[in-house]
Each structure stands twice: as structure tokens, then as C-alpha cells.
Amino acid sequence: MEELIPLVNKLQDAFSSIGQSCHLDLPQIAVVGGQSAGKSSVLENFVGRDFLPRGSGIVTRRPLILQLIFSKTEYAEFLHCKSKKFTDFDEVRQEIEAETDRVTGTNKGISPVPINLRVYSPHVLNLTLIDLPGITKVPVGDQPQDIEYQIKDMILQFISRESSLILAVTPANMDLANSDALKMAKEVDPQGLRTIGVITKLDLMDEGTDARDVLENKLLPLRRGYIGVVNRSQKDIDGKKDIKAALAAERKFFLSHPAYRHMADRMGTPHLQKVLNQQLTNHIRETLPSLRSKLQSQLLSLEKEVEEYKNFRPDDPTRKTKALLQMVQQFGVDFEKRIEGSGDQVDTLELSGGARINRIFHERFPFELVKMEFDEKDLRREISYAIKNIHGVRQVSAQIGSSGGRGLAHGGTGLFTPDLAFEAIVKKQVVKLKEPCLKCVDLVIQELINTVRQCTSKLGSYPRLREETERIVTTHIREREGKTKDQILLLIDIELSYINTNHEDFIGFANAQQRNTQTNKKRAIPNQVIRRGWLTINNISIMKGGSKEYWFVLTAESLSWYKDEEEKEKKYMLPLDNLKIRDVEKGFMSNKHVFAIFNTEQRNVYKDLRQIELACDSQEDVDSWKASFLRAGVYPEKDQTENEDGAQENTFSMDPQLERQVETIRNLVDSYVGIINKSIRDLMPKTIMHLMINNTKDFIHSELLAYLYSSADQSSLMEESADQAQRRDDMLRMYHALKEALNIIGDISTSTVSTPVPPPVDDTWLQ
């Protein structure tokens with residue numbers, strides 16, 4: 001073992017400095033043989049210490065897994081009492097005996113539960129040896145009737161592993177043809193690639209007989225042949241003959257015995273060790289290529305990062321300036337990409353800032369505008385009050401309808417003057433726009449700030465720089481917030497300052513009188529598809545198949561649903577006339593978000609359902625579908641929470657004349673507010689883009705750097721985070737350790753000689 005130990009240890013050290021374990025999975029060496037064949041003695045000779053219980057009869061009654069570990073000092077420890085270190089090997093033997101009795105009792109019982117013992121020593125290789133109970137046929141003491149099979153199963157468990165070497169131990173004073181050890185080894189290793197025959201007790205053979213034929217591999221040939229060893233006798237052990245002396249006696253025996261003299265160099269414990277060593281070396285060499293490729297791939301992945309650090313001087317001001325400029329530039333590019341969108345490195349996991357802002361502009365904001373549409377009853381009441389209040393004390397009902405069809409701006413005391421009432425009501429409606437507009441600005445700001453945060457995450461290695469960048473840009477966005485909101489309020493004030501009744505889209509007074517609200521429900525191009533997508537119909541009863549997903553297609557005229565997106569099998573088509581949308585409470589158990597479509601005329605919408613409930617996975621999807629329905633002219637239902645006393649008053653009677661005037665003004669207001677909504681919907685995104693988003697982009701490109709320089713000195717901005725410095729050191733250490741390990745592997749490959757497997761032999765005798 002002497003030559004291998006230093007090599008393997010060098011490797012282990014190199015690996016542990018990388019913080020990895022070196023998986024050299026050295027083969028286990030299992031010792032198999034009949035009872036009292038001398039298995040434990042063979043093992044002890046490897047370790048060079050007396051520590052295994054020995055004697056006649058069944059001594060090894062539990063498998064002993066013996067891990068040899070190379071170390072500067074010599075001691076042993078058991079898995080079952082980890083805290084205690086044994087330096088006296090006599091104590092180790094006593095502990096093994098005590099632990100065996102603890103599980104198996106004192107009367108010869110056996111157990112498959114292994115005892116784990118670790119021996120640390122400067123004279124060993126990192127190896128696992130397994131001392132197994134001897135094969136017996138007849139139960140004695142407390143042993144069960146099927147003792148033979150129990151022991152065989154136990155042994156097979158350990159020797160079936162491809163990576164174990166089998167030492168098949170047979171005493172020379174027993175006929176080799178009866179060897180159970182060889183028979184079992186053959187079962188698990190028919191090729192004989194990992195079986196080594198060991199013949200013990202050569203010194204106990206009858207006078208005039210010898211094992212020469214066996215040892216010359218002539219009698220019952222094994223591919224790896226047989227090695228003879230002479231262990232100490234029980235008398236030697238009792239007389240405390242030490243192992244060194246025993247090895248010398250063994251050598252003397254082989255040199256002086258006429259039958260074995262010619263092959264003395266191929267006999268004895270040292271030679272057995274050498275053969276095992278060779279096996280281990282071969283094994284190590286076989287595992288090296290995969291280790292090497294693993295190391296090389298790690299090295300390659302590090303090369304690039306190490307390149308940056310190789311000539312890294314943390315205090316070099318020019319490097320800091322360069323890094324600062326690069327970081328700020330990169331931040332600007334990232335920000336722009338997230339807002340403007342870009343072809344390269346598209347995020348497929350979530351919507352980017354730009355896409356979200358687009359949703360706010362074109363789905364959320366229009367929806368907020370429509371949501372604040374007015375309650376019909378309230379509006380009519382307000383109009384009638386306005387008309388009455390304009391006349392004040394001069395209520396002349398006889399004259400009311402007299403100015404019937406004249407232009408809108410018709411004056412005249414006591415006569416019907418719709419313009420004043422119209423303006424008052426329109427202004428009231430326009431003022432209501434302020435809230436959704438400001439809300440829209442807030443939503444956009446939220447997205448912008450989130451985008452800034454995502455972009456600064458790349459500056460993580462310089463915490464101070466990251467903090468400052470985030471602070472400066474966020475402060476700027478907050479400053480712009482005021483300006484943008486002022487501008488938007490200004491837009492609305494401008495609308496309020498002059499009601500332009502000559503607008504080409506305005507219906508005018510004459511039309512307003514004839515127009516019936518229903519007939520003029522303007523629609524988009526009839527069969528234009530507004531949206532497609534999956535929705536679940538939530539409220540079909542279990543009897544009728546339960547809630548189910550369908551592929552929905554919404555056009556300007558109808559809502560249809562199909563079995564799937566191929567749109568071959570249409571399930572139903574629902575015309576959009578008289579439909580409205582209402583919210584539905586989220587179910588107690590469900591995690592879906594639901595909205596419903598119902599008919600304002602109290603008719604069934606689908607089969608026997610008054611409303612169909614449609615379910616989406618997120619609130620965002622619900623909002624987005626609602627926005628699509630708006631485009632198709634399906635509006636949200638107004639809150640029906642009329643206060644009771646209001647309802648009483650609401651029944652105030654209007655004479656037909658007043659009724660007609662209210663209807664006229666109602667149509668005028670509707671038309672004009674529609675025009676304003678359209679222009680606000682168009683101007684809002686433009687204003688926000690110009691005053692806030694583009695402005696922030698320019699700020700990042702042209703002024704951020706100046707602000708950074710004035711906020712703190714460069715060296716403190718570019719202070720690395722402790723993690724980053726630590727990471728750099730670790731990486732360099734790892735890099736050098738990997739190089740070192742690769743060099744060692746190169747050495748091993750050139751300095752160790754692998755021995756070829758011996759040629760197959762005629763082993764038909766074992767069949």
C-alpha cells in the first residue's frame with residue numbers, strides 16, 4: 001500500500017481544498033470463507049494491528065465493516081460510540097466483542113447488523129474491508145435452524161457489489177473442492193475478475209502433503225490465482241507474538257519449505273497486499289478519466305470569470321471609472337429594453353415593464369373610464385333639477401316646449417334653454433374624469449419604479465452604487481409625477497373651459513330630439529373579432545357536465561364558444577344585444593376569478609341560466625376580458641344600491657314636456673362626453689409617455705452619471721460588497737486547486753503501472 005497512499009492522499013487534499021470530495025470509490029475488500037479459516041487474521045495483517053476477536057468456533061458473528069483512513073495519528077472509533085477515540089487496540093477488541101454480544105446475545109447467535117469501525121493510521125490506504133461471519137452448516141447454541149442460509153444471504157449482500165473484491169479464504173488442511181468460499185465467489189463473479197484465492201494454514205498440513213498444485217493454479221485454476229499465507233497460531237496470539245515477527249516467520253516458512261521455495265516471492269501476506277494494491281491502482285486509473293473530465297469542465301466554466309480577476313487591483317481608480325461608466329450605461333440600455341421591448345433576450349416568464357404599461361394604457365384605463373359611467377336615474381334627476389333651477393322662480397310650464405326645434409344656443413327668458421343645463425351637466429361629468437386619469441399615472445409610476453428596481457439588480461456587486469442609482473432615478477420619477485399630473489389636470493381644465501358644440505362628431509340639438517338611445521348603439525365592424533381565449537363556464541350544474549373550459553371568440557356582434565381553439569365545433573353563439581357584465585364573488589374553495597354576463601331584459605342568457613359566470617386564472621385576465629367586452633359595447637352593470645329615500649323621491653312625476661327635454665339633454669350629454677372620453681383616451685398615454693417615460697429615459701442617459709458623481713465620491717460608490725470580494729477570492733482559490741488536482745491526475749496516470757487482467761483459465765470445475 002505504501003506507494004498508493006501518498007498519491008491518493010495528494011488527490012484527496014487537492015479536492016478538499018476545492019471543497020469537494022474526491023469520489024474514488026475504492027473497491028471494498030470482502031473476506032469470505034468457512035468458519036475458522038483465518039479470515040480475521042488475514043485482515044489484521046493488512047492493518048498491522050491486533051484488534052479482532054479470535055478463537056475457535058464462531059467468533060465473528062456480525063459483519064464488521066472496517067474503514068481504513070489515512071491520517072497522521074493512529075486511533076480507532078466506532079460508529080455506535082462516535083465520541084470515544086480508542087488508541088489501545090486491545091480495547092477495540094473488547095468493544096467489538098461487547099457490541100457483538102449486545103445484539104446477538106452471548107450464546108453464538110448471529111446478526112446481519114454490521115459493526116462499523118474506523119481505523120485512522122499513517123500506514124493504511126483509504127480502504128473498506130469487510131470481515132464476514134464464517135460459513136457454517138450446523139446450528140449451535142442459540143443459532144436458528146437456517147443458520148447456513150442466513151449467513152449465505154448476509155455474505156451475498158456484501159460480495160454482489162460490482163465494486164467489491166472477494167478474498168476467498170480456504171484453509172489448506174481442507175479439500176479445496178469443498179470450499180464454500182470459492183463456490184459463493186463463483187456465483188457472483190462467474191468471470192473470476194474480482195476473486196482472489198487465499199490459502200491459509202499451510203503450516204498445518206499433514207506431513208508429506210502440500211498445496212503446491214493449488215498454489216501453482218493447476219488443480220482448480222482461478223483467473224487471478226491463489227496466494228498462500230501463514231497466520232499466527234492461537235498459541236502465538238495468546239503469547240502476544242507481534243505481527244512483524246509473524247510476517248518474518250511466514251517469509252522464513254516459504255523460503256525453507258521445499259514445495260514452495262521456488263515461488264516464495266509470490267506467497268505471503270506482503271504479496272497479497274501487493275496484488276490488492278495493484279487491483280486498487282487499476283481501479284483508481286479507471287476512475288481517473290471521468291474525474292479528470294469533471295475537473296476540466298469546472299475549470300473551463302471558471303476560466304472566463306477568472307480572466308476578469310487575474311489582473312484585478314481593487315484600488316485602481318481607472319478600473320473603477322471604467323466599471324462605473326459601464327454599469328451606468330448598461331443600466332440605461334436595460335431600462336430602455338424593458339420599456340421599449342427588444343428582440344434579444346426576451347423575458348418569457350413575465351410581462352416586462354413596457355408591456356405592463358401598455359396594458360394600463362389600453363385595457364385598464366379605458367375600463368376605469370367606462371366604469372365611472374353615470375347612473376341613468378341620477379343623471380335624469382340631475383338634468384331635470386338643472387332645467388328647473390335655471391328657470392328659478394319663472395317656471396312657465398305653458399311655454400316650455402314652444403321653442404322646440406331651434407338651435408342649441410337659444411336664449412329667451414322662461415323659455416327652454418338647454419345650453420345652460422347641458423353645460424352644467426357636461427362639466428360635472430368631465431370633472432369625474434380626473435380620478436381615473438390620476439389613477440392611471442399612479443399605476444404607470446409603480447411599473448416604472450419596479451422596472452428601475454429590476455434593472456439595478458445587476459449592480460448588486462456594488463451595493464452603494466445600486467442604492468444611489470435607485471434613489472436618484474426614483475426621485476426623478478417622483479418629481480416628474482407632479483409635472484405629469486399637473487399637465488393631465490390641465491388637459492381636463494382645458495376641456496372644461498370651452499364646451500365646443502360645433503365639434504363635427506357632436507350630434508347637435510335637432511338630432512338629439514329625434515334620437516332614440518337604443519337604435520343608435522354604435523358598433524364596430526360587425527364580424528370583426530375582438531378577442532379569443534380560454535375561459536371556464538363556472539355555473540353549469542354537475543348534472544349537466546359541471547364547469548368546463550371552452551375556447552371563446554368575442555366579435556362586435558356576438559360571443560361564441562367552441563370545444564377548442566381549432567374553432568371547428570361551435571357550442572353556442574350569444575348575440576351581444578342587451579347584455580351587461582357584473583362582478584361575481586370569488587368562490588370559497590375556488591382560486592379562480594369570476595365575472596358574469598347577464599341580460600338586462602331579465603331573459604335567460606344560455607339554456608336555463610339567467611347569467612353565465614366566466615372564470616379566469618387571475619384578476620388581470622378578468623380586467624383584460626372586461627376591457628375587450630367594452631370594445632364590443634358590453635358595459636359593466638351600475639351599482640344597484642339606490643338608497644331608499646332616494647328611490648322614493650325618484651318617483652317624482654315629470655310632465656311629458658319636461659320628460660322630452662330631459663331626454664334631449666341626456667342625448668346631448670352622452671354625445672359630448674363620448675367625444676371628450678375619446679380625446680382623453682388618446683391624449684393620456686401620449687402625455688405620460690412624453691412627460692414621464694421618455695423624460696426618465698433621457699435623464700438616465702444624459703444626467704444620471706453627473707448626479708452619481710455629485711452624490712458621493714467614486715471610490716465609495718464602487719466599494720465592492722463583501723460577498724463579491726469573498727466570491728472573487730474563493731474563485732481564484734478554486735481555480736488554482738483545480739489546476740493542481742489536474743496536474744496530480746496527470747502524474748498518477750504516468751507514474752502508476754496498470755497490470756493487465758490475467759488470461760481466463762479453465763474453470764469448468766466450478767460450474
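So, strand β11: both of its faces are covered, with S558, S560 and Y562 buried on one side and L559 and W561 buried on the other. This is a predicted model, by the way, so keep that in mind as we go. β11 covers residues 558–562, and 5 of the 5 are buried, so the strand is largely enclosed by the rest of the structure.

Who sits beside β11 in the sheet? On one hand there's β10, residues 548–555, which pairs with β11 in the antiparallel sense over 4 bridges. If you want a spot to click on, V553 has S560 of β11 as its bridge partner. These two strands make a hairpin, with 2 residues between them. On the other hand there's β12, residues 570–575, again antiparallel to β11, this time over 5 bridges. There, S558 finds its bridge partner in P575 of β12.

Okay, zoom out to the whole sheet. It's an open one with 8 strands and mixed pairing, and the order reads β12-β11-β10-β9-β15-β14-β13-β16. Which strands stand at the edges? Those are β12 and β16. Each has a single partner strand, so one side of each is left without a neighbour in the sheet. At the β16 end, the partner is β13, residues 579–583, and those two run parallel, joined by 2 bridges. The pair to look for there is I581 with P636 of β16.

β16 also takes us to the helices, since residues 635–636 are part of what covers the buried residues of α11. That cover also includes α10 (317–340), α14 (434–456), α17 (619–631) and α19 (656–702). The helix α11 itself runs over residues 353–371, so to speak, 19 residues reaching 25 Å from first C-alpha to last, close to the 27 Å expected at 1.5 Å a residue. Where does α11 bend? At I360, by about 35 degrees. I360 is also one of the buried residues of this helix, and the list includes F361, F365 and F367 too.

F361 is handy, because it leads to the core. Leaving aside neighbours within four places in sequence, I688 is in contact with F361, and also with C440, V441, V444, T484, I488 and I693. I688 is among the residues with the most contacts inside the largest nonpolar core, along with F422, L465 and M684. That core has 66 residues, and α19 gives the most to it, with 16. Apart from it lies another core, of 40 residues, among them V32, I58, A172 and M205.

Last stop, two single residues. Y120 lies in strand β4, residues 115–121, and is buried, at 11% relative accessible area. Which residue's side chain does the side chain of Y120 meet in a polar contact? That's E77, at 3.4 Å. Beyond four places in sequence, Y120 is in contact with I69, S71, T73, E74 and Y75 as well as E77. And Y120 and L68 are 52 residues apart in sequence, yet 6.1 Å apart in space, C-alpha to C-alpha.

Then T100, in helix α3, residues 89–104. Buried or exposed? T100 comes out at 7% relative accessibility, so it counts as buried, the cut-off being under 20%. Leaving out neighbours within four places in sequence, T100 is in contact with R61, R62, G105 and I115.

Note on methods. Residues numbered from 1 in each chain as written. Predicted model: local features only at pLDDT ≥ 70, side-chain atom pairs only at ≥ 80, totals over all residues. Heavy atoms only, no water. Buried < 20%, exposed > 50% of the residue type's maximum accessible area, 1.4 Å probe, protein only. Contact = heavy atoms within 4.5 Å. Polar contact = N/O pair within 3.5 Å; in protein donor to acceptor, adjacent residues only side chain to side chain. Expected span 1.5 Å × (residues − 1). Bend = angle between axes of the 7 residues up to and from the residue. Core = buried A, V, L, I, M, F, W, Y, C linked by side-chain atoms within 4.5 Å. Pairing = 2+ DSSP bridges.
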